[in-house]
Amino acid sequence: MASITAPMGGETRSIPAPSPRIADYLRWSIDHKIIGVQYIVTSLFFFVIGGALAMLIRWELLTPTLDLATNGSQYNSLFTLHGTVMIFLWVIPMMAGFGNYLVPLMLGAKDMAFPWLNAFAFWLIPPAGILLLLGWFIGPPEAGWTSYPPLSTLYSPDGQTLWAMALHLLGISSILGAINFIVTIRNMRPEGMGYWQMPLFVWAVLATAIIQVLATPFLTGALTLLILDRVAGTSFFDPSNGGDVLLWQNVFWFYSHPAVYIMILPGFGMVSEVLATHARKPIFGYRAIALSSMAIALVGFTVWAHHMFTALQPELRIPFMITSMIIAVPTGIKIFSWLGTLWGGKIHFTTAMLFALGFLSMFVIGGISGVMLASVPVDIHVHDTYFVVSHFHFVLFGGSVFLIYSGLYHWFPKITGRLLDERLGKLHFVLTYVSFFFTFFPQHIAGLEGMPRRIAVYDPMYTNINQLISFSAFVLGITTFILLYNLVHSLVAGERVGANPWRSLTLEWATTSPPPPYNFVGDPVPFEDPYGYGTEEATAYLDALDRRFPPPTKLPPTAAVPHPEPAGD
Amino acid sequence: MSEMSLEHAAAHAEHHNVPSPQTISNAKLAMWLYLASEVVIFATLIAVYLIFRSNYPEEVKTVHRELGLVLVSINTFVLLTSSWAMVMGLREAQKNNSQGLVRWIGLTALLGAAFVGLQGVEYTELAHAGISIGTEFGMRFYAPTAFHGAHVIVGVLWALRVAARGRKGYFNAQNFLGVEIFGLYWHFVDVVWLFLFTIIYLI
């Protein structure tokens, strides 16, 4: 029988229990696992800041008049910083954190290809975050996260310059990280793992990294010109001096549309892992999912002008409408493949699975409103209204953030050796799911009724719906603290688990939790099919894994928190 | 099946532990990817110039008369020569000749520095002619050329480092990857200049 039945080759000596200390996480380290955790914790910190800004926005919008802000400019700063923090300091670094932690483990490698570069890329993020937030004190940026000139050149105070510098640093960090991922994935796969045996998360990171290498430099170029305009007296974006405002919009969206896939593709990878593992079923359409990531990466470069339907020459609208609708196809392929994975599976309703299912339902709503926005007549009607706000929160919160939550519940045991509390997790899920829906779904209606985005003072006819949105948003804000409490609580008191609590077939589980400094003692052997659940070989492999890394015995049975036993592989 | 022993797994793993064949080294692949992202940045800056060029051809022609081609042609020649010196340096490394390597890479650095110096001379002349960074042509001219100049400066510093390591005998016929990687960067900077020279000065 040529099949692989045990995970480890050669070494049989026991692995010393790793004991990373907190201090290791606070200083320069070239261990990809420490860097991964540094990314994750840093971005959680910025998530709280971005969330607090969102709460202030919703507080302001409780009534049609000015409540919190003394003028419109202050409100402008609130949503500018909220958007920038959430995108560039929460979602993107969080995905990079998962990538850093998991990709070398999934490849059975000891570390990334360039450990030093990896650490350097991370350490660009804290100074960037500080620069951005310092802007608050010297006159915060007011031009929105898209920072269109002339708002960002002629009207925004000095904080806008710091904003541009911060994004510059984050862009460089992103490019360096992506180069590292591509080289690692291409050159450090173990023997027996071709591209078509890679876990889908690795595929997703590869597609993301390709976008980052080729799209982020557009942002770098645009920001360079913006900074020159602000400090060096050029006028690239000033039409009164021979410049062109549309130049910014074109170049910015040429980065930022692909960037929305930077924010979601790694999550698509994560959900593929979670669904197959917790439904105990081979992933449906492995190649379709892998290739559709690549298709999204490619087509993502051809749709940028759909952000500019109202600004662009009318004859360019139809071509961009067509490409924007085409990009829904590979995403649809993924959605149906995931549904196919669930079909007939033994679904374990763990919190990771619940968030993955929550993602499927909510992301589809965001996808549908995306296709609506791609069609020119609808877009012109709802342009710059809350319909747009609703759409991108459905794909970013209902998409990326749900997937991040799912990933945290799924991989926390690997990172810490302890489970996240499942009861708290379910509470977290239910409250998040409901309050998320009532925060963002009514925004569709407000938008269709004509409520513009980015305003602090609105027509009193929108009062009721805004109060519903705000109160739901406050609940949604509170749910974050359930997760944060769970993370801290479970870190010290969570149920201890062995190497592979979910009985997953990918390689990151074929070592202790948490893994030792160089990940594996001996060279791990990948199971021939990372999603080959439900076969005798898979059961044999997983049993051998349990014998190799025996799960901790639950001595005081009362201390053990019940969690679903994933039986039957 | 489920009682398969770990010894079997070990034997099985034997033939699995051969390191993956790599057709391109990590460092070289990373450099190519880095250069790909650089291409995008330069393309953005060049596009900004080209849009202006096609909208205001007359204005650009006036500036062209101002600029002249003598100085910049000499400068282009200097940079091309430096790429040749770079190639020769790599050849010496492959022939195990550290001294030759240091000499040629030193020449590369010298020519690179000369390029930056001549660019400085040209900038001064242009400033005298009233073409500052605040003018419509000026900003679109200085942004890409100065960005390129910054790349040349980085390249010169890098060349000096390669030369210093070469002096210590770090490179030889088996180990010349460091020279090759620098070469990729240096040739890239050279090629970008050929684009800038053609697009900004010639057409």
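Trainee: Where does Pro150(A) lie, and what makes the neighbouring elements helices?

Mentor: Pro150(A) sits in the loop between helix 5 (125-134) and helix 6 (151-155) of chain A. Helices are DSSP runs of H or I with at least four residues, strands are E runs of at least two, and both are numbered from the N terminus. The peptide bond from Pro149(A) to Pro150(A) is cis, with omega near 5 degrees. This is a predicted model, in which local features need pLDDT (the predictor's confidence in each residue, from 0 to 100) of at least 70, side-chain atom pairs count only at pLDDT 80 or more, and totals for chains, interfaces and linings use all residues. Residues are numbered from 1 along each chain as its sequence is written, while chains are lettered from A and ligands numbered from 1 in the order in which they are written.

Trainee: Why is Arg280(A) called buried?

Mentor: A residue is buried if 20 or more other C-beta atoms, placed from the backbone, lie within 10 Å of its own, exposed if 12 or fewer, and partly exposed in between. Arg280(A) has 20 such atoms within 10 Å, and is therefore buried. Its phi is near 50 degrees, a positive value in a residue other than glycine.

Trainee: What makes Arg454(A) partly exposed?

Mentor: Arg454(A) has 14 other C-beta atoms within 10 Å, so it is partly exposed. Arg454(A) also has a positive phi, about 60 degrees, although it is not a glycine.

Trainee: How do you know that the radius of gyration of chain A agrees with a compact globule?

Mentor: The radius is taken over C-alpha atoms, and the globule rule is 2.2 Å times the number of residues to the power 0.38. For 569 residues a compact globule would have a radius near 25 Å; chain A has 24 Å, which agrees.
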